[in-house]
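Here is a guided walk through one structure. Keep the sequence and the 3D view side by side as you read.

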Amino acid sequence: MKSLDELAKIRDEAKSKMGVREGSKDIRIVVGMATCGISAGARPVLKALVEEIKIRSLQDISVSQTGCIGICRYEPIIEVFESGKEKVTYIEMTPEKAKKIVSEHIVNGNVIDDYTIGSVSGKYSSHGTVEDF
Amino acid sequence: MDLYRAHVLVCGGTGCTASNSEAILNTFQKELKKNELDQEVKVIKTGCFGLCEAGPICIVYPEGAFYAGVQVKDISTIVEEHLLKGRIVKDLLYKGAFEKDTIRSLDNVDFYKKQMRIALRNCGVIDPEDINEYIAMDGYQALGKVLAEMTPMEVTKIVQQSGLRGRGGGGFPTGKKWEFASKIKGEQKYVVCNADEGDPGAFMDRSVLEGDPHVVVEAMAIAGYAIGANEGYVYVRAEYPIAVKRLQIAIDQAKEMGLLGDNIFDSGFNFNLSIRLGAGAFVCGEETALLNSIEGKRGMPRPRPPFPANKGLWQKPTLLSNVETFSNIPRIIINGPEWMANIGTEKSKGTKVFALTGKINNTGLVEIPMGTTLREVVYEIGGGIPNGKKFKAVQTGGPSGGCITKDHLDTPIDYDNLIQLSSMMGSGGMVVMDEDNCMVDIAKFFLEFTMDESCGKCPPCRIGTKRMYEILEDITNGKGEMEDIERLEKLAYNIKASALCGLGQTSPNPILSTLRFFRDEYEAHVKDKRCPAGVCQELLTYSVVADLCKKCGICAGKCPAECIDGEKGKTVYTIQKDKCIKCGACLEACPFKAIIKS
Ligand SMILES: Cc1cc2nc3c(=O)[nH]c(=O)nc-3n(C[C@H](O)[C@H](O)[C@H](O)COP(=O)(O)O)c2cc1C
Ligand code: SF4
Ligand code: SF4
Ligand code: SF4
Ligand code: FES
C-alpha cells in the first residue's frame, strides 16, 4: 500500500459490491416472482436485470423479488421504486426489455411508456385502478 | 468480489459454529446451486451478531431479514421461498424482527435498539476473512491518515483527548499509557494485545477477533507508530481456534497488501505482528504474567513496578492493551477525539461491551454507551427476568467483581460508579440473578475459580483463597458458625492487602460484596441452617405434606435411596430425613405437589 488514494480506490470498489447490505437504496427494482411470475418467465428477467447492473457497475440500486403482484396475466412484471417519484410498473417483461429498462429508465431517467401498465390502461379506467391491486 | 443481488450472511462465530452454522453455510451453497441462484446470491460467513443463544443466525439482504435458530432442514425453504420467490419466511424470523406484517431492521429490534456499536461495529456485518470488506468499512483509513498526516505525538494526544480507558479490567486511561511508552527512550519497543480473556462468561474479545480481526491489526500498527515500536504480539488463548485462524488470515492479508511489513504507506514506518498462544490459565491474562509467558517462561506475575511501559517484554518498553480497547482506536482517529469524548459519562467515555447471561430473557453480547443504567440493560435490552421471577442482583466484573442489588438498578454504568458499589467493570461479564440464586453459593462459585487459578507464587493467595473457600463450604453445608463470617471478612481484607497480583488482590471481592448486600443470607445459613433461596443441598429438607398426599406411592418408586415409606392407598407417605440424599426426584415425581423442599 503506497498511498491513501490507492486505499480509497480499493474501498470504493469493495463498497459498491457490499451495497446490497445497506438498508435503503435510491432505486429499488422489484420483480414479481410468485409461481405465476416464474412460469411466465420472471427468472430470466431477474437474471438479465442483475447482469445489466453488473456490466454497468451501477450503484445504489437493489434488485429484489416479491410475491404475486396480483395481475398475473401481465406477468412477468417489474416495478421500479425511486425515492421521491411515483412507482413505475412494467409488464410482460422479457430479458431484452429488462435490459432496456436499465439503460433507458435507470441510467438515462426516461420511463419507457410502451412497456408500462399504462400502455394497456385502455382495459382499465386509469393508472390509479391498477395501483389499487 | 463480484456483484450479487442478494447476500446471505451466516454467522460463523463460536456460538453459532457450535450450533452447526458450518453445515448451514454449506447447505445454502448447495441449495442455491440447485436452484441456479449461485451466480446471483452470495453467501458470506461473518462474525458474531451477539445473539448466540438464538443462533444459528442468518441475515438475508437487501431485505435485511433476520433469521434465527435456523436448522439445516429450513434452508431449502429459505432458498425457494425467499431467495427465489421473494417471500420472506416469517416463521423463521427472529421473534422481535417481525411486527405487523413488516420486518423490522436489526437496529429496531429491542435487543439492538439501545446498543451503540463501536468496538463491535463490523461484527456480523463483514466477512472477516476478506480484507476488502474491512477496507470498504473505512478500514486502514486511520492508519493511512496517521502515517500521512500526523506526528506520533499528535496521535498520542488524540487518544488522550478521547478519554478512552482500558477495557481489560482496570480502566486505566489508555492515552496515559501511550504517553508513558512513547516518552521512554529505547531502540526496541513492543506493542502487545491482551486477548487472553479469562473471565468466565466473557467473550467480547473473542467476538472482535472472530468478526473483525483487522481492527486489532490496524490499531496495533497505529499504536506502534505512536510509541515508536515496530513489533507487536497478540496473546490469544489456544481455546479460541476460530479467532486465532481469522487473526492469522488478517495478518497475512495485511502483509500482502503492504499494510503490515516495511515502509507502510510509503512512510518509512515498519510494523510486524505475530500471534502467541496461551494455554488458558486465568493468571496469564495479568499483564506481567502474560509477558513472562510470551518470553517462554512460566506464566507467573512479576512485581510491579516496574510497569510494562518501562520494562515490559524482554525488559523493553511495552504498550499492553486489551482487544476491546484497541478496537476503539481507528474510529477515534477517523471521527476525532471529541466524538468519543461526547459519548458516555464524565469520566468514562465511549461504550463498553458486556456479555449478558444468567436469569435473563435475551442473553448475548451487548455494547452500550457508558452511563446506560443497569435497568435499561436488564429490562430493555435483556427483556427482563424469565418466568415471572423477581430480580435479585447483577454480578459484574467476574471473579474480581461483585453484586449490584435492585436498589442500585438506576445507577449509570461506568468505571467509577461500579467501584463505588464495591463491584467493578472488569472485562464485561454481567450475570443476572433472580430470587432462586443463593448469594453465598455465588461467592463460593467464584472462590472455587480463583482458588483453582491461583498460580501459587504468593502465600496470601495460594493459601488464603483455599481458606476462604473452605469457610464458604462450611457455611453452605450448615457447619458454619457466626465467628466464621467475621473470620471470612478479616481474611478477605488481609488477602486484598497482601497478595502480589490482581488475581489474589481481587479474589475476596465476591465475598465482600455479597457480605455487604446480603449478610442476612449468610446469617440464615449459619444461624438457622437454612438456605433462603433453596439452593444449598445440605440445608434442604424434603417432606410430604400430609394433607395433600393422595397415598399413591409414586414418590416411593422414584426414590433412589428407598427412604420413602408408606402403604399404597392406606397411609400417608413419609420421608426418612436421615437417609434422604436430597436428589429431588420425589418432588418432581409427585403428581399432587404434596412434596415440598425447605
Ligand atoms: C488475574 C488477572 C487476569 C486478567 N485477565 C485479563 C484478560 O483476560 N484480558 C485483559 O485484557 N486483561 C486482563 N487483566 C488485566 C491486565 O492485567 C491489564 O491490565 C490489561 O490487559 C491492560 O489493558 P487495558 O488497559 O486495555 O485494559 C487481568 C488482570 C488480572 C489481575
Ligand atoms: S496473587 Fe495469586 S495469582 Fe497472583 S502471584 Fe500471588 S499466588 Fe499468583
Ligand atoms: S407421590 Fe405425592 S401423593 Fe403420591 S404418595 Fe408420594 S407424596 Fe403422596
Ligand atoms: S429427595 Fe431423593 S432421596 Fe430424598 S426422599 Fe426424595 S427421592 Fe428420596
Ligand atoms: S456466534 Fe453467532 S451470534 Fe454469536
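Helices and strands here are DSSP runs, numbered from the N terminus; a helix needs at least four residues and a strand at least two. With that in hand, B:Ser422 can be placed: it sits in the loop between α16 (415-420) and β16 (429-434) of chain B. The model is predicted. B:Ser422 is not a glycine, yet its phi is positive, about 50°. Its relative accessibility is 24%, so B:Ser422 counts as partly exposed.

Step back to chain B as a whole. Its secondary structure comes to 23 helices and 20 strands. The C-alpha atoms fill a box of roughly 90 × 65 × 40 Å along the principal axes. Does the radius of gyration of chain B agree or disagree with that of a compact globule? A compact globule of 598 residues would have a radius of gyration near 25 Å; chain B has 27 Å, which agrees.

How much of chain B is buried? Of its 598 residues, 58% are. Now take the contacts in chain B between residues at least 6 apart in sequence: 69% of them join residues at least 24 apart. The accessible surface of chain B is about 23700 Å². Carbon and sulfur atoms account for 49% of that surface. Charge comes next. Chain B carries 72 positive and 77 negative side chains. The centres of the two sets lie 4 Å apart.

Two helices of chain B show what cover looks like. Helix α9 (residues 204-211) is mostly covered, with eight of its eight residues buried. Among them are B:Met204, B:Val208 and B:Leu209. The buried list also includes B:Asp205, B:Arg206 and B:Glu210.

Helix α12 (residues 287-294) of chain B is mostly covered as well: seven of its eight residues are buried. These are B:Glu287, B:Thr288, B:Ala289, B:Leu290, B:Leu291, B:Asn292 and B:Ile294. What do the buried residues of α12(B) pack against? Their partners in chain B are the helix α8 (174-183) and the strands β7 (190-195), β8 (231-237), β10 (269-278) and β11 (318-322). After α12(B) comes B:Gly296, with a positive phi near 90°.

Loops of chain B deserve a visit too. B:Tyr140 lies between α5 (131-136) and α6 (141-149). Its phi is near 65°, a positive value in a residue other than glycine. Is B:Tyr140 buried or exposed? B:Tyr140 has a relative accessible area of 0%, so it is buried.

B:Leu93 belongs to the loop between α3 (75-85) and β5 (98-99) of chain B. Its relative accessibility is 8%, so B:Leu93 counts as buried. Compare its position with that of B:Lys359. The two residues are 266 apart in sequence, and their C-alpha atoms are 24 Å apart in space.

One loop of chain B holds a cis peptide bond. The bond from B:Gly55 to B:Pro56 is cis, with omega near -5°. B:Pro56 is in the loop between β2 (41-46) and β3 (58-61) of chain B.

Turn to the cysteines. A disulfide is a covalent bond between the sulfur atoms of two cysteines. How many disulfides does a search of the whole structure find? The search finds zero over all chains. B:Cys403 is in no disulfide; the nearest cysteine sulfur belongs to B:Cys438 and is 11 Å away. B:Cys403 is buried, because its relative accessibility is 2%. B:Cys580 is buried too, with a relative accessible area of 16%.

Now move to chain A. It has five helices and four strands. From the N terminus on, they run α-β-α-α-β-β-β-α-α. Of the 133 residues of chain A, 45% count as buried. Among its contacts between residues at least 6 apart in sequence, 61% join residues at least 24 apart. Chain A exposes about 6400 Å², and carbon and sulfur atoms supply 47% of that.

Look inside helix α3 (residues 42-55) of chain A for A:Glu52. A:Glu52 has a relative accessible area of 11%, so it is buried. Which residues does A:Glu52 contact, leaving aside neighbours within four places in sequence? The contacts are A:Lys99 and A:Val102.

Chain A has a cis peptide bond to show as well. It joins A:Glu75 and A:Pro76, with omega about -10°. A:Pro76 is in the loop between β2 (61-66) and β3 (78-82) of chain A.

Conventions. Residues numbered from 1 in each chain as written. Chains lettered and ligands numbered in written order. Predicted model: local features only at pLDDT ≥ 70, side-chain atom pairs only at ≥ 80, totals over all residues. Heavy atoms only, no water. Rg over C-alpha atoms; globule rule 2.2 N^0.38 Å. Buried < 20%, exposed > 50% of the residue type's maximum accessible area, 1.4 Å probe, protein only. Contact = heavy atoms within 4.5 Å. Areas by Shrake-Rupley, 256 points an atom, 1.4 Å probe, with all protein chains shown as cover. Lys, Arg positive; Asp, Glu negative; His and termini not counted. Charge placed at Lys NZ, Arg CZ, Asp CG, Glu CD. Disulfide = S-S within 2.5 Å.
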